Amino acid sequence: MADTPGAPEPSLDEQIAAYQREYQDLDPQVEKVVSALSRLNRRMNVAYGRQTAELGINNAEWEVLKALVLAGDPYRMGPGDLAKRLGLTPAAMTHRIDRMVAEGLVTRERDENNRVRVIVGITEEGRAKWLEAMRMATVFEGDLLQDLSGEERHRLGEMLTRLLRRVEEAQPDAGGRLSDLD
């Protein structure tokens with residue numbers, strides 16, 4: 001199970017066995033849940049990245065479009081608010097917005113009520129790409145969960161929400177990134 005280039009990732013059971021060999025106090029049930037969630041998250045991010053790439057945007061741009069849509073009509077936010085929501089530094093957010101303005105995904109305008117303040121808004125093209133990404137994600141997610149009944153989906157959603165709440169309570173500042181990856 002040595003980490004060699006091109007070698008397949010060990011199964012969860014192999015990974016847990018290796019961890020237990022090195023650290024006897026490991027709870028294999030807990031480790032299986034946490035490792036499965038981690039792998040699922042990583043693989044889903046890759047899948048979403050491939051989908052957004054088909055649309056000519058990347059995951060970082062998708063995050064901005066999503067934040068603007070979540071802000072509600074008229075789909076506008078200040079760059080500082082966007083940076084906080086996405087866990088980015090103002091400099092990283094400015095760089096991302098610059099790129100997205102050049103690509104026609106968002107606009108950057110002065111606030112009519114406060115000429116010092118800048119407002120970022122989603123363009124028709126940006127909204128169209130967001131909608132298409134949502135359509136693609138809906139198909140992918142439906143396929144992902146196809147083997148679960150409606151009740152199982154509901155229970156899984158409830159359980160994952162409880163886990164998320166626990167992490168959010170213990171780590172309230174962990175919504176963003178540990179460092180800028182942009």
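**Exercise 1. Determine how many aromatic pairs the predicted model contains, and characterise each.**

Solution. The count comes to two aromatic pairs, where rings of Phe, Tyr and Trp (its six-membered ring) pair if their centres lie within 6.5 Å, with planes under 30 degrees apart counting as stacked, over 60 as edge-to-face and the rest as tilted.

Step 1. Tyr 48 and Phe 140 form an edge-to-face pair, with 5.4 Å centre to centre and 80° between the planes. Tyr 48 belongs to helix H2 and Phe 140 to helix H6, so this pair ties together parts 92 residues apart in sequence. Helices (H or I, at least four residues) and strands (E, at least two) are DSSP runs, numbered from the N terminus.

Step 2. Trp 62 and Trp 130 form a stacked pair, at 6.3 Å centre to centre and 10° between the planes. Trp 62 lies in helix H3 and Trp 130 in helix H6, 68 residues apart.

Step 3. Burial is assigned by relative accessible area: buried means under 20%, exposed over 50%, and partly exposed in between (1.4 Å probe, protein chains only). Trp 62, at 16%, is therefore buried, and Trp 130 counts as buried at 13%. Phe 140, at 22%, counts as partly exposed.

The model is predicted: local features need pLDDT of at least 70 and side-chain atom pairs count only at pLDDT 80 or more, while totals for chains, interfaces and linings use all residues. Residues are numbered from 1 along each chain as its sequence is written, and side-chain values use heavy atoms, with hydrogens and water left out.

**Exercise 2. Describe helix H2 (residues 28–54), its buried residues and its ends.**

Solution. Step 1. H2 has 27 residues and reaches 39 Å from its first C-alpha to its last, close to the 39 Å expected at 1.5 Å a residue; the expected span is 1.5 Å times one less than the number of residues.

Step 2. Buried residues of H2 include Glu 31, Arg 39, Met 44 and Tyr 48. The buried residues pack against helix H1 (12–22), helix H3 (59–71) and helix H6 (124–144), contact meaning heavy atoms within 4.5 Å.

Step 3. At the start of H2, a side-chain oxygen of Asp 27 reaches to within 3.0 Å of the backbone nitrogen of Gln 29. Just after H2, Gly 56 takes a positive phi of about 85°.

**Exercise 3. Establish the strand order of the open sheet.**

Solution. Step 1. Three strands form the sheet in the order E1-E3-E2, with antiparallel pairing; two strands pair if DSSP finds at least two bridges between them. The edge strands are E1 (76–77) and E2 (106–110), each pairing on one side only.

Step 2. E2 and E3 (residues 118–122) pair over five bridges. Val 106 stands opposite Ile 122 in E3.

Technical notes. Polar contact = N/O pair within 3.5 Å; in protein donor to acceptor, adjacent residues only side chain to side chain.
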